[in-house]
Amino acid sequence: MQQDPGLDLRDVKLRRMKFLATGMLLIAAVIYVLATAFKLQYPWLFYVAAFSEAAMIGAIADWFAVVALFRHPLNLRFIPHTAILPRSKARIAEGLSDFIQQNFLSSGAVVERIAAFHPAQKLCAWLLKPQNAETVAKYAIRLLAYGLTAVDDERVRRFLLQAVKDTVMKADVAAAVAQVLDILTKNQRHHALLDEALAGLDDLLSREDTRRFISEEVARSAPLLKSISDLLHLNLDEKAARKIVDVALKKVSEVRQNRDHEIRQRFDAFVAQFIVKLKEDEATRDKVHHMRDEALESPALGRYVGELWEEFRTWLSADLNRRPSVVHDRVVGMVDSFAAKLDADSAIQQWIDEQILTAIPPLVKEHRAKIGKFIEDQINSWQEKQLVDELERHIGSDLQYIRINGTLVGGLAGLLIASVTQYLRL
């Protein structure tokens, strides 16, 4: 496992600052010993000794205070209020969790930060760069390729097919068809289907090959009429066929033009009755579900669907491996088109930002407690030594300045007190 180089730098800085603070204490001690030893010969060393003595006291006091934050000084556990951070681990974890939730994960703070970011504008600017469209296409191709590889596994295919089959087998197809027909029949939208069927029938009957087919069928079904036609050379079968077609065309035209035609009313009645049967008639529902089950169990249908899938998979796999790729170029084109349209429409950018800002507060409220709890649990799960080492690594080097300042300030305070005392004795 590769170690974070930042940890090494912090450790080096911490050791350097500890060495500096301890070194100043030792220097103050050496100066105190020398000044005390020679102050009779050199009276001015009295002030040096006072400075160094107070500096040692300040350095030792601040060393004790800093060490007491992380551990027991000199491992003396009976001294109260030492090893403060390890003993307060639970309180620190809870307080840090609450602090992050209230100040960093509040809905207002998150919404304000995202609003200032302008996500739709940033997305648009990113997508407008040609290399980013290529990046999206590249990841889409990878995803498709992975999907093809995964689905090509027989176990996965068998599982997916069985899952789809089980879902469809449980589905109430009759009720679903009834709902679709309910939607289609609102405002007589189903008549559009009837109009399309009538238009197709009109076109079919108007074709010459249809007339010829009907003439042949009339001749085949009425041999006597055919014999009379041949005897009299009158083409009665053809005239009969044309008459049939003309009558049919006339009837179709009437139905197409008359919205209240009897056939349309019968069509409405049939559809309404069929919807009721799909909802309420068990026999009709059983027939529909039986047809569903037969279709799902049909080997021919399974082979047909399998062949279609295999053809599609083979084509897609080949396309993904060649350049230029139809899918790749299509994805790039879609991204470019979307980016251009998004860039030209400030209203839709504003709408996207509004949707994001509307969706964020409930998400933050739902998950910030979980994030805070995760932080709290993570800190509580640390061993005391790990907690101490981590905190000391981050703030210990700064705390050494307390020892350094304590040494200097203590020395200056001692020098001031000694000077004032000497002055008052005079």
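Which residues line the second largest pocket? In this predicted model, the lining is made up of Phe 70, Arg 71, His 72, Asn 75, Arg 77, Ala 83, Pro 86, Arg 87, Glu 384, Lys 385, Val 388 and Asp 389. Helix 3 (84–87) and helix 19 (384–425) each contribute at least two residues to this lining, and the largest share, 4 residues, is supplied by helix 19.

**Two pockets**

Rolling a probe the size of a water molecule over the atoms reveals where empty space is left. The table sets out the volume of each pocket together with the classes of the residues that line it.

| Pocket | Volume | Nonpolar lining residues | Polar lining residues | Charged lining residues |
|---|---|---|---|---|
| Largest pocket | about 600 Å³ | 9 residues | 4 residues | 4 residues |
| Second largest pocket | about 170 Å³ | 4 residues | 2 residues | 6 residues |

The largest pocket is lined by 17 residues, and those closest to its centre are Arg 157, Leu 161, Gly 302, Val 305 and Gly 306. The elements that give two or more residues to the lining of the largest pocket are helix 8 (154–170), helix 15 and helix 16 (299–320), with helix 8 providing the largest share, 8 residues.

**Two packed helices**

Helix 15, which takes part in the lining of the largest pocket, also packs against helix 14. Two packed helices are described by the angle between their axes and by the distance between those axes. For helix 14 (residues 262–280) and helix 15 (residues 282–297), the angle is about 85 degrees and the axes lie 6 Å apart. Because angles of 65 to 115 degrees count as roughly perpendicular, helix 14 is described as roughly perpendicular to helix 15. On the side of helix 14, the residues in contact are Phe 274, Lys 277, Leu 278, Lys 279 and Glu 280, and they meet Glu 282, Thr 284, Arg 285 and Val 288 in helix 15. Sorted by class, this contact of helix 14 with helix 15 has 3 nonpolar residues, 1 polar residue and 5 charged residues.

**Salt bridges**

The model has a count of 7 salt bridges. One salt bridge joins Asp 11 to Arg 393, and the closest N and O atoms of this pair are 2.8 Å apart. The pair links distant parts of the chain, since Asp 11 belongs to helix 1 (residues 5–38) and Arg 393 to helix 19, 382 residues apart. Helix 19 therefore appears twice in this report, and what it supplies to the second largest pocket is the largest share of the lining, 4 residues.

Technical notes
Residues numbered from 1 in each chain as written. Predicted model: local features only at pLDDT ≥ 70, side-chain atom pairs only at ≥ 80, totals over all residues. Heavy atoms only, no water. Axes fitted to C-alpha atoms, helices over the stretch in contact; angles between N-to-C directions. Parallel < 35°, antiparallel > 145°, perpendicular 65-115°, else oblique. Contact = heavy atoms within 4.5 Å. Nonpolar A, V, L, I, M, F, W, Y, C, P; charged D, E, K, R; others polar. 1 Å grid on protein atoms, 1.4 Å probe; cavity = no way out; pocket = protein on both sides within 12 Å on 5 of 7 lines; lining within 4 Å. Points joined across faces, edges and corners; volume = space filled by probe spheres on them. Salt bridge = Lys/Arg side-chain N within 4 Å of Asp/Glu carboxyl O.
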